[in-house]
Amino acid sequence: MYKPTKNISFADLAIAERKINKSFFNSINKIINWNKIEKLINQNYSKGKRTDGRPAYSGLLLFKFCLLEEWFDIKNNHIEDCVNDSLSFTYFAGLTLEDEIPSRSTIRNFKNELKQKGEFLNLINEVEKQLKANNVELIKGVIRYPKLKIKVDD
């Protein structure tokens, strides 16, 4: 199973003084029982080797990407870019700046496998249940990347 780097990297040290707004994610991490979520994921996710032979990403890491998509209304083809661009997203997922970020197809395949087994919605509901039990209402945000329309002269 893929394990994010636990050691602090040079890149992490270099940006340690930057003010990163992690209050939302710190609050979420205090409320959500990630061990319970991870157990539910592991019961339903058949992780294995990646096509390049390296270990697969953990289901919890991939699920956190799915939560970012849900909470910030990020379309699947942009989640990889958003995590690459956002330090707080990177740290929420449990990655350092030197860790490889899962591809959008990896995230999509993970989500599709859980949806086919009828478990994806159960996981989302479990997160919402835990938030509600702590009297927390999550108000979703929006992140959009602008699109370029290229005109072709006739």
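Reader: Hello! What makes Asn35, Lys39 and Gln43 of helix 3 count as exposed, and what kind of model is this?

Author: Hello! Asn35, Lys39 and Gln43 lie on the other side of helix 3 from its buried residues, and they are exposed. The term needs a relative accessible area over 50%. The model is predicted.

Reader: Which residues of helix 3 are buried, and why are they said to line one face of the helix?

Author: Trp34, Ile37, Ile41 and Asn44 are the buried ones in helix 3. Looking down the axis of helix 3, you find its buried residues within an arc of 95°, so they line one face of the helix.

Reader: What covers the buried residues of helix 3?

Author: The cover includes helix 2, helix 4, helix 6, helix 7 and helix 8.

Reader: What does the chain contain in terms of helices and strands?

Author: The chain has eight helices and zero strands. Followed along the sequence, the pattern reads α-α-α-α-α-α-α-α. The chain has 154 residues, and 38% of them count as buried; the term asks for under 20% relative accessible area.

Reader: How many of the contacts between residues at least 6 apart in sequence join residues at least 24 apart?

Author: The share is 77%.

Reader: Let us turn to the interior. What makes up the largest nonpolar core, and which residues have the most contacts inside it?

Author: That core has 35 residues, and Ile37, Phe63 and Phe65 have the most contacts inside it. At least two residues of this core come from each of these helices: helix 2 (23-31), helix 3 (34-44), helix 4 (59-71), helix 5 (76-85), helix 6 (87-93), helix 7 (104-116) and helix 8 (120-133). Helix 4 supplies the largest share of this core, with nine residues.

Reader: What does Ile37 touch, leaving out residues up to four places away in sequence?

Author: With those left out, Ile37 touches Ile32, Leu60, Phe63, Leu123, Glu126, Val127 and Gln130.

Reader: Why are helix 4 and helix 8 called roughly perpendicular?

Author: Helix 4 and helix 8 pack at an angle of about 75°, and their axes are 12 Å apart. The label covers angles of 65 to 115 degrees, and helix 4 and helix 8 are therefore roughly perpendicular to each other. On the helix 4 side the contact is made by Phe63, Cys66, Leu67, Glu70 and Trp71, and on the helix 8 side by Phe120, Leu123, Ile124 and Val127. Sorted by class, this contact of helix 4 with helix 8 has eight nonpolar, no polar and one charged residues.

Reader: How do you know how helix 4 is oriented to helix 7?

Author: The same kind of reasoning works here. Helix 4 packs against helix 7 at an angle of about 95°, with the two axes 10 Å apart. That makes helix 4 roughly perpendicular to helix 7. Gly59, Leu62, Phe63, Phe65, Cys66, Glu69 and Glu70 of helix 4 make the contact with Thr106, Ile107, Phe110 and Lys111 of helix 7. By class, the contact of helix 4 with helix 7 has six nonpolar, two polar and three charged residues.

Reader: Now for some single residues. Why is Gly94 called partly exposed?

Author: Gly94 is in the loop between helix 6 and helix 7. Its relative accessibility is 30%, and partly exposed is the range between the 20% and 50% cut-offs; Gly94 therefore counts as partly exposed. Gly94 and Leu61 are 33 residues apart in sequence, and their C-alpha atoms are 6.9 Å apart in space.

Reader: How do you know which exposure class His78 belongs to?

Author: His78 sits in helix 5. With 24% relative accessibility, His78 counts as partly exposed. Along the chain His78 and Arg104 are 26 residues apart, while 7.6 Å separates their C-alpha atoms.

Reader: What is noted about the phi of Asp73?

Author: Asp73 is not a glycine, although its phi is positive, about 50°. Asp73 belongs to the loop between helix 4 and helix 5. Its relative accessible area is 28%, so Asp73 is partly exposed.

Reader: And Asn135: what makes it exposed?

Author: Its relative accessible area is 74%. The cut-off is over 50%, so Asn135 is exposed. Asn135 lies in the segment after helix 8, and its phi is near 55°, a positive value in a residue other than glycine.

Terms used
Residues numbered from 1 in each chain as written. Predicted model: local features only at pLDDT ≥ 70, side-chain atom pairs only at ≥ 80, totals over all residues. Heavy atoms only, no water. Core = buried A, V, L, I, M, F, W, Y, C linked by side-chain atoms within 4.5 Å. Buried < 20%, exposed > 50% of the residue type's maximum accessible area, 1.4 Å probe, protein only. Helix = DSSP H or I, 4+ residues; strand = E, 2+ residues; numbered from the N terminus. Contact = heavy atoms within 4.5 Å. Axes fitted to C-alpha atoms, helices over the stretch in contact; angles between N-to-C directions. Parallel < 35°, antiparallel > 145°, perpendicular 65-115°, else oblique. Nonpolar A, V, L, I, M, F, W, Y, C, P; charged D, E, K, R; others polar. Arc of directions from axis to C-beta.
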